[in-house]
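Visitor: Could you walk me through this one and tell me how each label is earned?
Guide: Happy to, have a look first.

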Amino acid sequence: MCCFTLDRVDLSTVSSNLSHMSTSSPVTSQVVLRGVPVVGGVQCGPVIRPGRLPVVDAPAGDVEESARAAEAARFSTAAAAVANRLRDRAGRATGAASEVLAATATLAQDRAWLGAAEKRIAGGAPAVRAVAEAVDQFVALFTQLGGLMAERVTDLRDIRDRVIAELSGLPEPGVPLPDVPSILCAEDLAPADTAGLDPSLVIGLATTLGGPTSHTAIIARQLGIPCVVAVDGLDDVAAGATVLLDGTTGTLTVDPDPLEAATAVTAAQHAAEQARQWTGPGATADGHTVAVLANVQDGAAARAARQTPAEGVGLFRTELCFLNRDTEPSVAEQAKIYGEVLDAFDGRKVVIRTLDAGSDKPLKFAGHPDEANPALGVRGIRIAEGNPGLLHRQLEAIAAAGAATGNQPWVMAPMIATAAEAKSFADAARTYGLTPGVMIEVPAAALLADKILEHVDFLSIGTNDLAQYTMAADRMSADLATLTDPWQPAVLALVAMAVRAGAAVGKPVGVCGEAAADPLLACVLVGLGVTSLSAASAAIPAVGAKLSQVTLQQCRDAADAVLATATATEARAAALTLLQ
Ligand code: PEP
Ligand code: MG
């Protein structure tokens, strides 16, 4: 498997500015941080953090002209030493780890950034300064390119730190060897940090940055280390703090109750064994079938999802393909991207969501107004109004992808609030021969689901936004995470309403928010009557395995019990009692 191709990238074409992380006070008491789950499993342990390169001051002023050739040679030797060490480690590693290290070694010897540093040295810059400036230039380039390339920024910074350490006679920066099994937390992890990890000592990984295709994710998958990326607030968790990491739900609890943590770890080990053995399709122990689907954001993620027992794609978040685009992709280009996902799940159900632009996912080409409160502003389907043709061109591309692959997708609109919006979307989708549905993410849509269903063929409940809007709590806020918990009975009451409306007219109602990734809650959702569950690939085996261990009646009893509770804690406890 080769996940990226740094060696084929021309580094000398684009430039942009870097954004910097803000800092705030350390997290000390029990707080639940949320991120993107990548590798399932639960682990508890002390936090370790990778060692940073101490601040190295480049000598003030420029290097004498007569000494510049020697400075350039010193730089070349240091860069070569770093590349050789990485190559040696690649030779000793296997699989993805080996490929990742080899690619970083290649990047360390890439002529473009070496040339940029050499040019600076020839102009008088000391090697340390030249390295820092040249890497900054290419970090900006990669950031601008976005997507997989932006994730390689960590590799560049890692190379920079290693070369500067080499030039300065300092030890190589990296992950310390812990004395006890520990959870490695970092802003992001470089390949050289992760590729050599010992899974018996580094039992969990969490990063502030990174996505499901970052190095951290790739290596964590290979090593089977529970992993959560893009954890909001992680930078404030100090080394030494005890954390409970849940790679299935994507949470990190700081300073957890020791007994609860031990119970969670043991239960997860047992569940993991059963998940490993689950091969699908989704059904309860007594044979009630519920499609277990994957949430994906591009062809690569769809191909990865195809390796799990996922029966199809329940949510393809198309906006994530275009976050770094300045201009709208052509219909043909869009069709190609969508076609990759359809190809990955050839002959199976694929639900493509139209652009959910706005709020935390602005698209440069989608013309967003400046808003004080973007989560309540022009996002999702509301974008279509101010951008004539955008929705139609996307529907045309989706239909073209369906025709080209022979796999006709379903299509759904995000952030529907009224039946009129649902009708307008459904009319447009049908013009292109597509099967239309809408997401239920706004309480108004759940309350009037029966009216919406007069126009569309299916509903898909987005519990992430439904929780945000029901509880009036920002889903990005770690401080409000208990409010945005999908176990909130008010949220589940709205889910129940939408499901009942679907059942009344015999139309499918699925859940594609993170609620479907929680095995226990997934069973409750089935008890409420949802017809499909769609979750991140990493969560699928655990969800399917749990469902296969309980009966439909147990799920229904749990759903009734949960709906009778007043708090998320009571709801969880009620479900645990009935579904264990
Ligand atoms: C949701 O809101 O639950 C959902 C699936 O959409 P997103 O997370 O992309 O907003
Ligand atoms: Mg949403």
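**One helix, one metal, one cavity**

Guide: Let's start with helix α14, where Ala-422, Phe-425, Ala-426, Ala-428 and Ala-429 are buried. Keep in mind that this is a predicted model.

Visitor: What makes you put the buried residues of α14 on the same side?
Guide: The arc they cover around the axis is only 165°, so they sit on the same side of α14. The general rule is that an α-helix has 3.6 residues a turn, so residues three or four places apart point the same way.

Visitor: Which exposed residues does the other face of α14 carry?
Guide: Ala-420 and Thr-431 are the exposed residues on the face turned away from the buried side. The cover over the buried residues includes α13 (390-405), β12 (410-413), β13 and α16 (449-452).

Visitor: How do you know that the span of α14 agrees with what its 13 residues should give?
Guide: At 1.5 Å a residue, residues 419-431 should span 18 Å, and the end C-alpha atoms are 18 Å apart, so the two agree. Just after α14, Gly-433 has a positive phi of about 75°.

Visitor: On to the magnesium ion (ligand 2): what makes Glu-441 and Asp-465 its protein donors?
Guide: Donors are N, O and S atoms within 2.8 Å of the metal. Glu-441 (OE) and Asp-465 (OD) lie 2.0 Å from the ion, so they qualify. This pair links distant parts of the chain: Glu-441 is in the loop between β13 (435-440) and α15 (443-447), while Asp-465 is in helix α17 (residues 463-471), 24 residues apart.

Visitor: Why is Glu-441 called buried?
Guide: Its relative accessible area is 2%, and buried means under 20%, so Glu-441 earns the word. Asp-465 also has 2% relative accessibility, so the label is buried there too.

Visitor: Which residues does the UniProt annotation "binding site" cover?
Guide: The unreviewed UniProt entry gives Arg-317, Arg-353, Asn-464, Asp-465 and Arg-475. The lining of the second largest cavity includes Arg-317, Arg-353, Asn-464, Asp-465 and Arg-475.

Visitor: Why is Asn-464 called buried?
Guide: Asn-464 has a relative accessible area of 17%, and the cut-off is under 20%, so buried is the right call. Asn-464 is found in helix α17 and touches Arg-317, Arg-475, Gly-513 and Glu-514, leaving out residues up to four places away in sequence.

Visitor: And Arg-353, buried or exposed?
Guide: Buried, because Arg-353 has a relative accessible area of 2%. Arg-353 lies in strand β11 (residues 349-353), and its contacts beyond four places in sequence include Arg-317, Met-412, Met-439 and the metal donor Glu-441.

Visitor: Which residues carry the "active site" annotation?
Guide: In the unreviewed UniProt entry, they are His-215 and Cys-512. Of these, Cys-512 is included in the lining of the second largest cavity. Cys-512 lies in the loop between β15 (509-511) and α19 (519-528).

Visitor: What makes Cys-512 count as buried?
Guide: Its relative accessibility is 1%, so Cys-512 falls under the 20% limit. Among the residues Cys-512 touches are Asn-295, Gly-314, Met-412, Met-439 and Ser-534.

Visitor: Last one: why is Ala-67 called partly exposed?
Guide: Buried is under 20% and exposed is over 50%, so at 31% Ala-67 falls in between. Ala-67 sits in the loop between β3 (42-48) and α1 (68-92). Ala-67 and Leu-448 are 76 Å apart in space, C-alpha to C-alpha, and 381 residues apart in sequence.

Key:
Residues are numbered from 1 along each chain as its sequence is written. Chains are lettered from A and ligands numbered from 1 in the order in which they are written. This is a predicted model: local features need pLDDT of at least 70, side-chain atom pairs count only at pLDDT 80 or more; totals for chains, interfaces and linings use all residues. Side-chain values use heavy atoms; hydrogens and water are left out. Donors are N, O and S atoms within 2.8 Å of the metal (3.2 Å for Na, K and Ca); water is not among the atoms, so sites may look incomplete. Helices (H or I, at least four residues) and strands (E, at least two) are DSSP runs, numbered from the N terminus. Buried means under 20% relative accessible area, exposed over 50%, partly exposed in between (1.4 Å probe, protein chains only). The expected span of a helix is 1.5 Å times one less than its number of residues. The arc is that of the directions from the helix axis to the C-beta atoms. Contact means heavy atoms within 4.5 Å. UniProt positions are given in the numbering used here, feature names are shortened, and annotations may be inferred rather than shown by experiment. On a 1 Å grid over the protein atoms alone, a cavity is a set of points where a 1.4 Å probe fits but cannot get out, and a pocket is an open set with protein on both sides within 12 Å along at least five of seven lines; lining residues have an atom within 4 Å of a point.
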